[in-house]
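Colleague: Got a minute to walk me through this one? I'd like to start with the basics.
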Amino acid sequence: MSERFEVRPRRAGKNTQAVEQFNAHHRVGTPVLYWPGTREGDGRESVTRSPAWLMGGHSPVVTVDGYPGGIALTHIVVPRRAPHVPQE
């Protein structure tokens, strides 16, 4: 007897909101601190090189200069001095 499994992103709605909010406030080139693995220490300085997106349809990520893959938005901090995208 086989069971049918349906894989659904658990928090796609919440993660989509995180992507939309990040992109609404931070343009490509925004200075950030990032942690490519565990979020320990001071983080690395860089700038974003892409808008945020949902990788695999479920993980909110952004790319930064100096790192070849996507960094989870949970591992990105935008320092207060970073400019925000003006609201239209």
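Modeller: Terms before anything else. Helices are DSSP runs of H or I with at least four residues, and strands are runs of E with at least two, numbered from the N terminus. Also, this is a predicted model.

Colleague: Fine. Where is V19, then?
Modeller: V19 is in helix 1.

Colleague: Is V19 buried or exposed?
Modeller: Buried. Its relative accessibility is 9%, and the cut-off for buried is under 20%.

Colleague: What does V19 touch, leaving out residues up to four places away in sequence?
Modeller: A52, W53, L54, P60 and L73. The C-alpha of V19 is also 9.4 Å from that of S59, although the two are 40 residues apart along the chain.

Colleague: Which residues make up the largest nonpolar core?
Modeller: There are 10: V19, F22, V32, Y34, A52, V62, V64, I71, L73 and I76. Helix 1 and strand 1 are the elements that give two or more residues to this core.

Colleague: And F22, what is it in contact with beyond four places in sequence?
Modeller: T48, A52, V62, L73, I76 and V78. A52 and L73 are on the V19 list too.

Colleague: Switching to the sheet. What is the strand order?
Modeller: It runs 2-1-6, an open sheet of three strands with antiparallel pairing.

Colleague: Which strands stand at the edges?
Modeller: Strand 2, residues 44-47, and strand 6, residues 76-77. Each has a single partner strand, so one side of each has no neighbour in the sheet.

Colleague: How many bridges between strand 1 and strand 2?
Modeller: Four, in the antiparallel sense. Strand 1 covers residues 31-34. As one of the bridge pairings, L33 is matched with E45 in strand 2.

Colleague: What about the loop leading into strand 1? Which residue should I look at?
Modeller: Try T30, in the loop between helix 1 (12-25) and strand 1. T30 is buried, with a relative accessible area of 1%.

Colleague: What lies 2.5 Å from a polar atom of the T30 side chain?
Modeller: The backbone oxygen of R27.

Colleague: Last topic, aromatics. How many aromatic pairs does the structure hold?
Modeller: One.

Colleague: And what sits over the ring of W35?
Modeller: The charged end of R39, 4.5 Å from the ring centre.

Notes. Residues are numbered from 1 along each chain as its sequence is written. This is a predicted model: local features need pLDDT of at least 70, side-chain atom pairs count only at pLDDT 80 or more; totals for chains, interfaces and linings use all residues. Side-chain values use heavy atoms; hydrogens and water are left out. Two strands pair if DSSP finds at least two bridges between them. Buried means under 20% relative accessible area, exposed over 50%, partly exposed in between (1.4 Å probe, protein chains only). A polar contact is a pair of N or O atoms within 3.5 Å; within protein, one must be able to donate a hydrogen and the other to accept it, and residues adjacent in sequence count only if both atoms are side-chain atoms. A nonpolar core is a set of buried Ala, Val, Leu, Ile, Met, Phe, Trp, Tyr and Cys residues joined through side-chain atoms within 4.5 Å. Contact means heavy atoms within 4.5 Å. Rings of Phe, Tyr and Trp (its six-membered ring) pair if their centres lie within 6.5 Å; planes under 30 degrees apart count as stacked, over 60 as edge-to-face and the rest as tilted. A charge sits over a ring if NZ of Lys or CZ of Arg is within 6 Å of the ring centre and within 35 degrees of the ring normal.
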